[in-house]
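Here's an informal walk through this model, looking at its open and enclosed spaces and then at a couple of its helices. Have a look at the structure first, and then we'll dig in.

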Amino acid sequence: MRVAIAGAGNVGRSIAQELIDNGHQVMLIERQPKMLRPDRVPAAEWVLADACELTSLEEADVAGCDVVVAATGDDKTNLVLSLLAKTEFAVPRVVARVNRAENEWLFTEQWGVDVAVSKPRVMAALVEEAVTVGDLVRLMTFRQGEANLVEITLPPTAPYVGQPIHAVPLPRDAALVAILRGKRVLVPSPDDPIEAGDELVFVCTAEVEDEVRAVILGPDSVERTRGSR
């Protein structure tokens with residue numbers, strides 16, 4: 001992929017290096033000359049420009065990018081860039097960094113954002129994922145499709161422990177995409193049994209999360225979970 005990243009601070013450079021290591025082409029856009037440090041990520045293309053200026057984005061050929069990442073430390077800048085990338089340049093995928101939690105509600109498809117990444121939310125999800133067994137934990141929201149990446153760690157009492165995946169009656173708009181078992185990542189197949197301690201990773205819409213929880217953990221799990229909060 002060709003990826004444009006606005007903001008060459010620690011966050012932007014870290015994302016750029018990770019993507020380059022995975023074989024992608026990366027362009028870092030930074031408006032402050034003092035932040036231009038090509039030696040930090042030498043394999044990236046560095047552009048001195050304002051990511052909120054239409055002409056600058058045209059000159060950088062943002063329209064030729066598969067993904068734009070708005071990773072600056074300013075939420076207003078990230079929103080403006082997201083909107084321009086989606087509406088003016090038809091970039092297929094726009095990922096935006098949320099710096100202030102109170103602004104998270106703005107980062108929707110109306111502003112051109114496909115995926116909003118909030119550090120507090122991600123950290124909270126990682127904490128929950130690490131300690132929670134027998135409940136559904138939301139890891140990430142995909143704004144464009146209103147779908148979520150969620151995880152459930154199976155307790156021994158889960159109704160389908162020991163049964164094959166094809167026996168699990170998942171609702172519509174929910175898909176099991178991975179099973180984490182110890183240090184292994186398993187691609188689910190219909191005849192694979194699920195085991196106690198498995199971390200099941202689903203993509204589903206928000207509307208069916210309670211149904212997924214009820215199927216995987218038992219019909220009383222939804223009320224039990226709500227009652228404990």
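On a 1 Å grid over the protein atoms alone, a pocket is an open set of points with protein on both sides within 12 Å along at least five of seven lines, a cavity is a set where a 1.4 Å probe fits but cannot get out, and lining residues have an atom within 4 Å of a point. This is a predicted model, so local features need pLDDT of at least 70 and side-chain atom pairs count only at pLDDT 80 or more, while totals for chains, interfaces and linings use all residues. Residues are numbered from 1 along each chain as its sequence is written, and side-chain values use heavy atoms, leaving out hydrogens and water.

First, the overall picture. The protein has six helices and eleven strands; these are DSSP runs numbered from the N terminus, with helices being H or I of at least four residues and strands E of at least two. Of its 229 residues, 44% count as buried, where buried means under 20% relative accessible area, exposed over 50% and partly exposed in between (1.4 Å probe, protein chains only).

Now the spaces. For volumes, grid points are joined across faces, edges and corners, and the volume is the space filled by probe spheres set on the points. In the classes below, Ala, Val, Leu, Ile, Met, Phe, Trp, Tyr, Cys and Pro are nonpolar, Asp, Glu, Lys and Arg are charged, and the others, Gly among them, are polar.

| Space | Volume | Lining by class |
|---|---|---|
| Largest pocket | about 400 Å³ | 16 nonpolar, no polar, three charged |
| Second largest pocket | about 290 Å³ | eight nonpolar, seven polar, five charged |
| Second largest cavity | about 50 Å³ | eight nonpolar, no polar, no charged |

Which residues lie nearest the centre of the largest pocket? They are I15, V69, V95, A96 and V117, out of 19 that line it. Strand 5 gives the most to this lining, with four residues, and helix 1, strand 4 (67-70) and helix 4 (119-131) are among the elements that each supply at least two. In the second largest pocket, G7, E30, Q32, T72 and G73 lie nearest the centre, from a lining of 20 residues. Helix 1 and strand 2 each supply at least two residues there.

As for enclosed space, there are three cavities of 30 Å³ or more. The lining of the second largest includes I165, L176, F202 and I216.

Helix 1 turns up in both pocket linings, so let's look at that helix on its own. Its buried residues are G12, R13, A16, L19 and I20. Seen down the axis of helix 1, these fall within an arc of 130 degrees (taken from the directions from the axis to the C-beta atoms), so they line one face. They pack against strand 1 (2-6), strand 2 (25-30) and strand 3 (45-48). On the face turned away from that buried side sit the exposed residues N10 and D21. After helix 1 comes G23, with a positive phi near 95 degrees.

One last stop is N78, in helix 3 (residues 75-87). Is N78 buried or exposed? N78 is buried, with a relative accessible area of 0%. Leaving aside neighbours within four places in sequence, N78 is in contact (heavy atoms within 4.5 Å) with A70, A71, T72, R97, N99 and F107.
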